Amino acid sequence: MKQPSSIVKLINKFSSLPGVGLKTAQRFAYSVIDMTEAEVNDFCDALLAVKQNVKFCAECGNFTESEVCEICDRRDKSVICVVAYPKDVLALDKSGSYKGVYHVLHGTLSPLDGRGVDDLNIKSLIGRLDGVKEVIMATNPDVEGEATAAYLARLIKPFGIKVTRLAQGISIGSDIEYADEITLERALDGRIEI
């Protein structure tokens, strides 16, 4: 049986999202069909609002709806935790143990994927180092994350700033966003100098 083209198009749109397979995309599409028109309009409004209102923080590169995010506005700026993606900020902040600010690179160094130094949010990190006592490298413990952390450590150490790496509570090859709060808290507490 051939499905109506509108359903097929919606399934294709949902399945184009990262981590959404065909069956999940079909469930999403059928859920939309079951929604009232008001619910669909609210859903569409939420999608449009995210695209129109969310931008990158002028200081750290995290998601925000204002010029500077709430974390940069209120936290201790003498410690910067460097992460690859905004989702890592959310994961680390859930632990509640970190009181400093973040810096989002928007990726890691990956020559195979064509991502180099100029493709990451590195220049603004270097511009934020005045008055900083410590920079914590919180990239994933994989080859790209380790290479990025090592590169940044070589850039930052000449400024006389302590550079640390999260402790090995996070297994190699895993992603920070999937680690639980206790593991992340221990990783932050047990960080080591690079």
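**Helix α7 and the cores of a predicted model**

Helix α7, residues 143-156, has 14 residues and reaches 20 Å from its first C-alpha to its last, close to the 20 Å expected at 1.5 Å a residue. The structure is a predicted model. The protein chain has 194 residues, of which 38% count as buried, and its secondary structure comes to eight helices and seven strands.

**Helix α7**

- The buried residues in α7 include G145, T148, A149, L152, A153 and I156.
- These residues lie on the same side of α7, because the arc they cover around the axis is only 135°.
- V143 and R154, on the other side of α7, are exposed.
- The cover over the buried residues of α7 includes two strands that precede the helix in numbering, β3 (76-83) and β5 (134-137).
- Helix α6 (123-127) and strand β6 (162-165) are also among the elements that cover these buried residues.

**Nonpolar cores**

- The largest nonpolar core has 22 residues.
- Within this core, the residues with the most contacts are C81, V83, L92, Y102 and L166.
- Two or more residues of this core come from each of the helices α4 (70-74), α5 (86-93) and α8 (181-189), and likewise from the strands β3 and β4 (100-104).
- Beyond its neighbours within four places in sequence, L166 is in contact with L92, I136, M137, A138, I176, A187, L188 and R191.
- A second core, separate from the largest, has 18 residues, among them L109, L120, M137 and L152.
- L152 thus appears twice in this account: as a buried residue of α7 and as a member of the second core.
- M137 is in contact with L166, yet M137 is included in the second core, whereas L166 is listed for the largest core.

**Residue G127**

- G127 lies in helix α6.
- G127 is exposed, with a relative accessible area of 66%.
- K9 is 118 residues from G127 along the chain, and the C-alpha atoms of the two are separated by 45 Å.

**The whole chain**

- The C-alpha trace spans about 65 × 35 × 35 Å along its principal axes.
- Among contacts between residues at least 6 apart in sequence, 54% join residues at least 24 apart.
- The accessible surface of the protein chain comes to about 11,600 Å², and carbon and sulfur atoms account for 55% of that surface.

Notes:
Residues numbered from 1 in each chain as written. Predicted model: local features only at pLDDT ≥ 70, side-chain atom pairs only at ≥ 80, totals over all residues. Heavy atoms only, no water. Helix = DSSP H or I, 4+ residues; strand = E, 2+ residues; numbered from the N terminus. Expected span 1.5 Å × (residues − 1). Buried < 20%, exposed > 50% of the residue type's maximum accessible area, 1.4 Å probe, protein only. Arc of directions from axis to C-beta. Contact = heavy atoms within 4.5 Å. Core = buried A, V, L, I, M, F, W, Y, C linked by side-chain atoms within 4.5 Å. Areas by Shrake-Rupley, 256 points an atom, 1.4 Å probe, with all protein chains shown as cover.
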